[in-house]
Amino acid sequence: MPEQRFEIDGQPDFELGTERTRKVTILAELPESEKADGLVFLIPGMGGDKDADYSTMLRRYISARYNMVVISVDGHCNTCRPMRSKEFGDVGVDIDSSSVIAALGQFVANGNRVDCPLNSHNDVLALLRSDLKHTYRLRATLTPPDGQYQNFGVLAALDHIAALHHLIDEGIAFDTGNIVCLGSSHGGYIAHMMHKFAPNTFNGVIDASAYSETVTKFLDGQWGELDLQDGNLAYACSTVQRWQFRRPGEPTFFGPDRSLIRDTGYREHMMHVAEQGGRRCQFRMLHSRNDFVSAPALKARQADLLSSLGFDVTFDLIGEEDVDGKFIKSADHGMGVALNLLFDRYYPTLARRGGKIDRELGTVLCFEGPKMTYTLGYKSGSIHPTARCDDRYPPSEAHRLRVAG
């Protein structure tokens with residue numbers, strides 16, 4: 001059966017109180033059978049897969065071999081890296097003006113002459129490229145399509161859950177008792193966030209090199225998120241931001257509550273998840289001892305926590321001695337593991353467990369932090385859960401009047 005494409009509205013950004021205009025695209029590979037044995041979310045790392053053909057191949061392979069519906073979802077800010085697949089749009093690179101001026105100054109300090117008119121940034125970059133003896137460092141902002149920005153996890157996870165509900169409503173036939181999330185790096189993190197937000201919906205999470213909590217460099221706008229090399233030009237990059245770390249009290253401040261809702265190894269929240277009952281998700285996690293992006297100690301702590309809460313967990317920690325050039329190609333972040341091989345390794349170890357998904361159960365989740373409570377609620381017929389975050393200790397009316405006066 002040919003690949004099917006769907007579009008849905010994205011989950012509103014309930015943290016910042018803004019609507020989203022960009023549609024969420026769903027690409028679904030369906031097996032030939034009348035009813036699939038389940039559904040697999042294929043969730044690549046930050047920025048998406050390397051090309052569209054590779055993504056299609058992965059979906060077709062898993063769908064045909066395991067009789068599963070396999071989907072890719074262009075969740076919020078999924079497309080945020082240049083020189084990757086343009087399946088869901090282009091990512092711009094906006095160069096910081098002050099860094100261009102600084103690089104030009106360095107060009108002159110290196111003994112070079114400016115003997116041509118400089119009317120634009122492109123003219124300056126061409127001049128810098130002419131000095132092959134030196135590397136020039138610049139800063140750049142990555143601009144995802146259609147005004148997206150780095151939310152880090154919450155909206156992307158909710159978009160994937162909404163995609164699931166939409167396919168069910170569209171009549172796509174699959175066993176809803178066997179829904180599996182498969183992801184690497186940031187994709188694996190999104191998979192764990194999906195389970196946190198819908199604890200009765202997923203039968204399994206399979207991840208390689210997933211981090212368990214917020215990686216600050218993706219949100220601080222300090223140019224440490226990604227390094228790009230273009231000949232002798234080196235770009236330090238950050239994605240477009242709306243969060244900030246300097247002004248507490250403002251809605252855009254990324255304080256402890258914002259961080260904890262994005263933490264899939266925070267005991268108090270995960271205890272609440274475990275208490276929801278129903279189907280218990282199974283976790284299969286592969287990680288490197290040498291991972292400098294996702295700390296192995298934090299990942300081991302997450303695995304221990306999930307085990308202590310009664311989840312079925314396999315945590316495989318690998319080193320240089322495990323590199324075989326086939327399944328494990330390196331001992332660093334990602335380990336060079338292809339998602340189809342990761343699925344082949346761990347999917348057969350998952351037991352099929354029936355049960356209703358959270359939308360059928362009408363699940364309501366309340367995640368409490370130091371100052372705020374996040375509430376998610378599911379109801380039949382709605383593809384999006386209701387989502388809000390409220391102050392735990394709102395000021396009294398009298399206090400508000402005094403401040404206003």
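**Salt bridges in the predicted model**

A tally of charged side-chain contacts turns up 21 salt bridges in this predicted model. A few of these pairs are worth a look one by one.

Take Asp 230 and Arg 129 to begin with: they form a salt bridge in which the closest N and O atoms sit 2.8 Å apart. Asp 230 belongs to strand S9 (residues 226-230) and Arg 129 to helix H3 (residues 121-129), so this contact ties together parts of the chain that are 101 residues apart in sequence. As for solvent, Asp 230 has 35% relative accessibility, and Arg 129 likewise comes out at 35%. Buried means under 20% and exposed over 50%, so values in between are called partly exposed; Asp 230 therefore counts as partly exposed, and Arg 129 does too.

Asp 207 pairs up with Lys 299, with 3.1 Å between the closest N and O atoms. Here too the salt bridge links distant parts of the chain, with Asp 207 in strand S8 (residues 204-208) and Lys 299 in helix H8 (residues 296-308), 92 residues apart. Both Asp 207 and Lys 299 are buried.

Then there is Glu 250, whose side chain meets that of Arg 247 in a salt bridge, at 3.1 Å from N to O. Glu 250 has a relative accessible area of 36%, which makes this residue partly exposed. Arg 247, with 42%, is partly exposed as well.

Salt bridges can also share partners, and that is how Glu 3, Arg 59 and Glu 87 come to be joined into one network.

Terms used. Residues are numbered from 1 along each chain as its sequence is written. This is a predicted model: local features need pLDDT of at least 70, side-chain atom pairs count only at pLDDT 80 or more; totals for chains, interfaces and linings use all residues. Side-chain values use heavy atoms; hydrogens and water are left out. A salt bridge is a side-chain nitrogen of Lys or Arg within 4 Å of a carboxyl oxygen of Asp or Glu. Helices (H or I, at least four residues) and strands (E, at least two) are DSSP runs, numbered from the N terminus. Buried means under 20% relative accessible area, exposed over 50%, partly exposed in between (1.4 Å probe, protein chains only).
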